[in-house]
Amino acid sequence: MKNTNILLNCFNITGKNIKKIREESKITQEDLCARMQTMGYQINRSDISKLENGKRFISDFEVKGFATALKVNILDLFN
C-alpha cells in the first residue's frame, strides 16, 4: 500500500502550523533554529524551511521541541 502523504508530496502535518505560529509571533526561521539548537536539537534553518513546506519528516520529539520553542501547546501544532 502506498503512503498517500508521500504521493501528495507532504511529509508532515505540523509544518504549516509551525510556520503560521512562527510568523504570528514574529520569529524568524533563524531565531527558531537557534531556540531549537539551544535545547539540544540538531536542526538548521534549511530543515525548518523544509518542515514548514512539508518536504521533511518531523519526529515526535521534534514536535515537542517546536511547541516548547514557540511557547504553545503541542496540540496547537496539529490544529
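Student: Why is Glu30 called partly exposed?

Tutor: Glu30 has a relative accessible area of 46%. Buried means under 20%, exposed over 50%, and partly exposed in between, with a 1.4 Å probe and protein chains only. The value for Glu30 therefore falls in the partly exposed class. Please note that this is a predicted model, in which local features need pLDDT of at least 70 and side-chain atom pairs count only at pLDDT 80 or more, while totals for chains, interfaces and linings use all residues. Residues are numbered from 1 along each chain as its sequence is written, and side-chain values use heavy atoms, with hydrogens and water left out.

Student: What makes Arg45 and Glu30 a salt bridge?

Tutor: A salt bridge requires a side-chain nitrogen of Lys or Arg within 4 Å of a carboxyl oxygen of Asp or Glu. In this pair the distance from N to O is 3.9 Å, so the rule is met. Arg45 belongs to helix H4 and Glu30 to helix H3, so the pair ties together parts that are 15 residues apart in sequence. Helices are DSSP runs of H or I with at least four residues, numbered from the N terminus. Arg45, at 34% relative accessibility, counts as partly exposed.

Student: How many salt bridges does this rule give?

Tutor: The count comes to 6. One of them joins Glu24 to Lys20, with the closest N and O atoms 3.9 Å apart. Both residues lie in helix H2, 4 residues apart, about one turn of the helix. An α-helix has 3.6 residues a turn, so residues three or four places apart point the same way.

Student: Are Glu24 and Lys20 buried, partly exposed or exposed, and what values place them there?

Tutor: Glu24 has a relative accessible area of 54% and is therefore exposed. Lys20, at 48%, counts as partly exposed.

Student: What links Arg22, Glu23 and Glu52?

Tutor: Arg22, Glu23 and Glu52 are linked in a network of salt bridges. Within it, the closest N and O atoms of Glu23 and Arg22 are 3.9 Å apart. Arg22 has a relative accessible area of 7% and is therefore buried, whereas Glu23, at 44%, is partly exposed.

Student: Which residues of helix H5 are buried, and against what do they pack?

Tutor: In H5, residues 60-70, the buried residues are Glu62, Val63, Gly65, Phe66, Ala67, Ala69 and Leu70. They pack against helix H2 (15-24), helix H3 (29-38) and helix H4 (45-52). Just after H5, Lys71 takes a positive phi of about 60°.

Student: Why is Leu75 called exposed?

Tutor: Leu75 has 54% relative accessibility, so the residue counts as exposed. Leu75 is found in the segment after H5.

Student: Where is Asn9, and which residues does Asn9 touch?

Tutor: Asn9 lies in the loop between helix H1 (4-7) and H2. A contact means heavy atoms within 4.5 Å. Not counting residues up to four places away in sequence, Asn9 touches Gly54 and Lys55. Asn9 and Lys55 are 46 residues apart in sequence and 7.0 Å apart in space, C-alpha to C-alpha. At a relative accessible area of 38%, Asn9 is partly exposed.

Student: How many disulfides are there, and what makes a pair count as one?

Tutor: A disulfide is a pair of cysteine sulfur atoms within 2.5 Å. By this rule the count is 0. Among the cysteines, Cys10 is partly exposed at 27% relative accessibility, and Cys33 is buried at 7%.

Key
Helix = DSSP H or I, 4+ residues; strand = E, 2+ residues; numbered from the N terminus.
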